[in-house]
Amino acid sequence: MKKNTRIDMVERALTLLDNEDTTRVDAIYLSPVESYTCKDWLALEEQILFRDYPLLVAFSCDLPSAGDFITHDATGVPLLLVRDKEGGINAFYNTCRHRGAKLAKGCGRAQTGLTCPYHAWTYDFTGNLKVLPDPVSFPGVDKAEHGLVKLPVVEKYGMIWVCPKRGKDFDIDAQLGGIDKGLVDDLKSYQFEDYHPYAQRRLHCKMNWKLMLDTFLEPYHFAPLHATTVAPLLYHNLCLLDTYGQNLREAVIRKSIEKQRQQPRESWDIVPDSALVYLLFPNAGLVMQRDHVELWRSYPVAGKPNECTVQMDYYIPEPAETPSAKDHWERNMDLAVRTVLEEDIPGVEGIQAGLSSGAISHSTFGRNEPALIHFQREIAKAIGRA
Ligand code: FES
Ligand SMILES: [Fe+2]
């Protein structure tokens, strides 16, 4: 984040605090229950948001060395990402050119190439077919034309995006709202390329995939729902919002910001005294905390509007090598995970049950929930249901 932005955001937060105010839009927003319960609505989201858009699939530090690979199945399209010997990143369908077996499972480091577990066709890290056992049995099959099928991929700002549709190239800066705009500046400044993966959690939740992200998009629930976890640390019902195309940055403010009033304006900095929630459209919530970053990604379960899978990745700026560092991060992560797992998720699964019951026709988003409104409106627009 640029220095001016760090200062301006402190000023905005202190002004809102002085006025006992928060960021408000002009009107409430009625979000139709179908958005969370309707199979046709979900089908559009699956076809459009999870096929045509670049999806944030990893941080660069998840694949630091040649041969490092990860697989990704959460969208229903089997993806394989591999770091090659030149340091480039390659994305493929995780689908063997012989008869379609999955080439790799989970994640790991391949030594010399990617060997299919079924009949051992072997590819190099850029996807070229190198070994075809018993070639006499495959007359006319040209190895040069049987490499893995590539997918569009971009690595930038220490992050990796893939579009899970062949040939659908994308401009990630444009998708993030523009190269000279604040969101790209922020991502660039955090230097995620120097981070380290610390922990990962995968969850299956009984809620629409958007509800998981909604829970990060308003601090109006802090005092009632998080009374003993994060409410003592963060102001209730106070947020700043900036939007960047379909994306957004929402700042919720730590009470520790008060001490900055005593400091010279040039030294003000929003980052240590806030949690910055970036909604990277369509399905990634990046939560920048003062000393680490959490990536929460939510995916629909095919055909089921009331279920989702969630992946949380926790990245830290230095590797946790000593026992005291491990202890620090364990405690730190415990608060984040406990808050979401024990408070947000049960609360939101209750919302899903309520919406699925047919009791109400729409959710009512208040003027004080502007990030939620932006997200739902952009989803509805993107699938032609605005
Ligand atoms: S399916 Fe991969 S080698 Fe046969
Ligand atoms: Fe919450």
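**Pocket, iron site and cores**

Q: How much space lies in the largest pocket?
A: About 580 Å³. Bear in mind that this is a predicted model.

Q: Which residues are closest to the centre of that pocket?
A: Val230, Leu234, Gln289, Glu294 and Ala336, out of 26 residues that line the largest pocket.

Q: And which element gives the most to the lining?
A: Helix α8 does, with seven residues. β14 (247-254) and β15 (274-280) each supply at least two residues as well.

Q: Switching to the metal. What are the protein donors of the iron ion (ligand 2)?
A: His221 and His226 each donate through NE2, and Asp344 donates through two OD entries. These donors lie 2.1 to 2.7 Å from the iron ion.

Q: Why is the arrangement around the iron ion called irregular?
A: Because the four donor atoms subtend angles of 52 to 151°. To count as tetrahedral, all angles would have to lie between 85 and 135 degrees.

Q: How are the donor residues spaced in sequence?
A: The pattern is H-x4-H-x117-D. His221 sits in the loop between α6 (209-214) and α7 (222-225), while Asp344 is in α8 (residues 323-356), so the pair ties together parts that are 123 residues apart in sequence.

Q: Are His221 and Asp344 buried or exposed?
A: Both are buried.

Q: Now the largest nonpolar core. Which residues touch the most other members?
A: Leu49, Leu81, Met207, Trp209, Met212, Leu217 and Trp296, in a core of 69 residues. The largest share of this core comes from α8, with seven residues.

Q: Where does this core lie?
A: Domain 1 (3-52 + 178-382) and domain 2 (55-169) both give residues to this core, so it lies between them.

Note on methods: Residues are numbered from 1 along each chain as its sequence is written. Chains are lettered from A and ligands numbered from 1 in the order in which they are written. This is a predicted model: local features need pLDDT of at least 70, side-chain atom pairs count only at pLDDT 80 or more; totals for chains, interfaces and linings use all residues. Side-chain values use heavy atoms; hydrogens and water are left out. Donors are N, O and S atoms within 2.8 Å of the metal (3.2 Å for Na, K and Ca); water is not among the atoms, so sites may look incomplete. Four donors count as tetrahedral if all angles lie between 85 and 135 degrees; four count as square planar and six as octahedral if opposite donors are over 155 degrees apart and all others between 65 and 115; anything else is irregular. Helices (H or I, at least four residues) and strands (E, at least two) are DSSP runs, numbered from the N terminus. Buried means under 20% relative accessible area, exposed over 50%, partly exposed in between (1.4 Å probe, protein chains only). A nonpolar core is a set of buried Ala, Val, Leu, Ile, Met, Phe, Trp, Tyr and Cys residues joined through side-chain atoms within 4.5 Å. Domain bounds come from an automatic or database domain assignment. On a 1 Å grid over the protein atoms alone, a cavity is a set of points where a 1.4 Å probe fits but cannot get out, and a pocket is an open set with protein on both sides within 12 Å along at least five of seven lines; lining residues have an atom within 4 Å of a point. Grid points are joined across faces, edges and corners, and a volume is the space filled by probe spheres set on the points.
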